[in-house]
Amino acid sequence: MTLRAGMMVLAQGRSLLPGAALTLLFAGAAVLSLLWTPYDITALDIANKIQSPSAAHPLGTDHFGRDILSMIMVGARTSIAVALVAVGIGMGLGVPLGLAAAARKGSLLDEVIMRGNDLVFAFPSLLIAIMITAVFGASAVNAIIAIGIFNIPVFARLTRSGALSLWTRDYVLAARVAGKNAARISVEHILPNVTNLLIVQGTIQFSLGILAEAGLSYVGLGAQPPIPSWGRMLADSQTMISLAPHMAIFPGMAILLTVLGLNLMGDGLRDLLDPRVRRTGR
């Protein structure tokens, strides 16, 4: 690729940089919270509750006097960890299922996998979380399981769709003539060529995972106190929105900016990794 073509490709993926910057900002806050936060999030300071933003507390305090900036930093760790593991579960199980379904198109295995995906899609993640919670209790782990289960058919369908178009390619036919079995062809030839699709979809599902975690925590099915969560912070602020609007504004902005950053990064990666863009430079 020439320098000019490379610059044009970067121009096509112009949303990648701002998206990556927003994502790294909150990822950095999550990592930093492992080592340091402005205040101890478990310490209550009732005398300084629902304070507006100030020099001492840049984002104010909540109804227990806890520093909201510190809560958002630790909440970023919770949201990112839940979404990351959930996406990992979805990719780890969905991709092999999609590859197997594509390799055995039209077979009983293909039908079982795809109808199983349809069954999972019939149950929203919130409903799955409620069922899991009813059996095992509310926790971040159960939120991960619920979101991860919903991600499996997403990656299975995407992988199968991308793989089906590759099974007719000449290099795959050559591999079959060389005596390679379907599993080996899927791993050596099909998977590397659908990786771009999986990366882009992974960023999208990551953002949806953060939204799902916030939604589950908002209704009490996600991370439980004293573990901070952006969704839980919104739930705690709803009765004080008129007295302390900052309690809702800042966690809401954290969710908004993180999801926006991931979506922008996904769009940028899609443009950057699009083989047609790489080939034509347009």
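A nonpolar patch of about 710 Å² sits on the surface of this predicted model. The residues that make the patch are Leu-119, Phe-123, Leu-126, Leu-127, Ile-130, Met-131, Tyr-218 and Val-219. Helix H5, which covers residues 125-136, gives the most to the patch, with four residues. With that patch as a starting point, here is a tour of the rest of the protein.

**The nonpolar patch, continued**

- Where does Val-219 sit? Val-219 is in the loop that joins helix H8 (182-218) to helix H9 (230-237).
- Val-219 has a relative accessible area of 49%, so this residue counts as partly exposed.

**The overall build**

- How many helices and how many strands does the protein have? There are eleven helices and zero strands.
- If you follow the chain from the N terminus, the elements read α-α-α-α-α-α-α-α-α-α-α.
- The C-alpha trace spans about 75 × 55 × 30 Å along the principal axes of the protein.
- Of the 282 residues in the protein, 45% are buried.
- The accessible surface adds up to about 14,200 Å², and carbon and sulfur atoms account for 69% of that surface.
- Take the contacts between residues at least 6 apart in sequence: 70% of them join residues at least 24 apart.

**Helices H3 and H8**

- Ala-81 belongs to helix H3, which covers residues 68-103.
- With a relative accessible area of 37%, Ala-81 is partly exposed.
- How far apart are Ala-81 and Gly-209 in sequence and in space? They are 128 residues apart along the chain, while their C-alpha atoms are 9.9 Å apart in space.
- Gln-205 is part of helix H8.
- Is Gln-205 buried or exposed? Gln-205 is buried, because its relative accessible area is 6%, and buried means under 20%.
- Setting aside neighbours within four places in sequence, Gln-205 is in contact with Val-87, Asn-151, Val-154 and Phe-155.

**Charges and salt bridges**

- The protein carries 20 positive and 14 negative charges, and the mean positions of these two sets are 13 Å apart.
- Side chains of opposite charge can pair when their charged atoms come close.
- How many salt bridges does a search of the whole structure find? The search finds eight salt bridges.
- One of them pairs Asp-62 with Arg-66, whose closest N and O atoms are 2.8 Å apart. Asp-62 and Arg-66 are both buried.
- Another salt bridge joins Asp-118 to Arg-115, with 2.9 Å between the closest N and O atoms.
- Asp-118 and Arg-115 are both in helix H4 (residues 108-121), where they lie three residues apart, about one turn of the helix.
- Asp-118 is partly exposed, with a relative accessible area of 28%, and Arg-115 is also partly exposed, at 43% relative accessibility.
- Which residues are linked with Arg-115 and Asp-118 in a network of salt bridges? Glu-111 and Arg-157 are linked with them in this network.
- In helix H8, Arg-184 and Glu-188 lie four residues apart, about one turn of the helix. Arg-184 and Glu-188 form a salt bridge, and the closest N and O atoms are 2.9 Å apart.
- Arg-184 counts as partly exposed at 44% relative accessibility, and Glu-188 is partly exposed with a relative accessible area of 36%.

**Backbone details in the loops**

- Is the peptide bond from Pro-225 to Pro-226 cis or trans? This bond is cis, and its omega is near 10°.
- Pro-226 is in the loop between H8 and H9, the loop that also holds Val-219 from the nonpolar patch.
- Ile-50 has a phi near 40°, which is a positive value in a residue other than glycine.
- The place to look for Ile-50 is the loop between helix H2 (16-33) and H3.
- Why does Ile-50 count as partly exposed? Its relative accessibility is 28%, and partly exposed covers the range between under 20% (buried) and over 50% (exposed).

Methods: Residues are numbered from 1 along each chain as its sequence is written. This is a predicted model: local features need pLDDT of at least 70, side-chain atom pairs count only at pLDDT 80 or more; totals for chains, interfaces and linings use all residues. Side-chain values use heavy atoms; hydrogens and water are left out. Helices (H or I, at least four residues) and strands (E, at least two) are DSSP runs, numbered from the N terminus. Buried means under 20% relative accessible area, exposed over 50%, partly exposed in between (1.4 Å probe, protein chains only). Contact means heavy atoms within 4.5 Å. Accessible areas come from the Shrake-Rupley method with a 1.4 Å probe; for residues, only the protein chains shown count as cover. Lys and Arg count as positive and Asp and Glu as negative; His and the chain ends are not counted. The place of a charge is taken as NZ of Lys, CZ of Arg, CG of Asp or CD of Glu. Patches are made of residues with over 30% relative accessible area and no salt bridge: like charges are joined within 9 Å, nonpolar side chains (Val, Leu, Ile, Met, Phe, Trp, Tyr) within 5 Å. A salt bridge is a side-chain nitrogen of Lys or Arg within 4 Å of a carboxyl oxygen of Asp or Glu.
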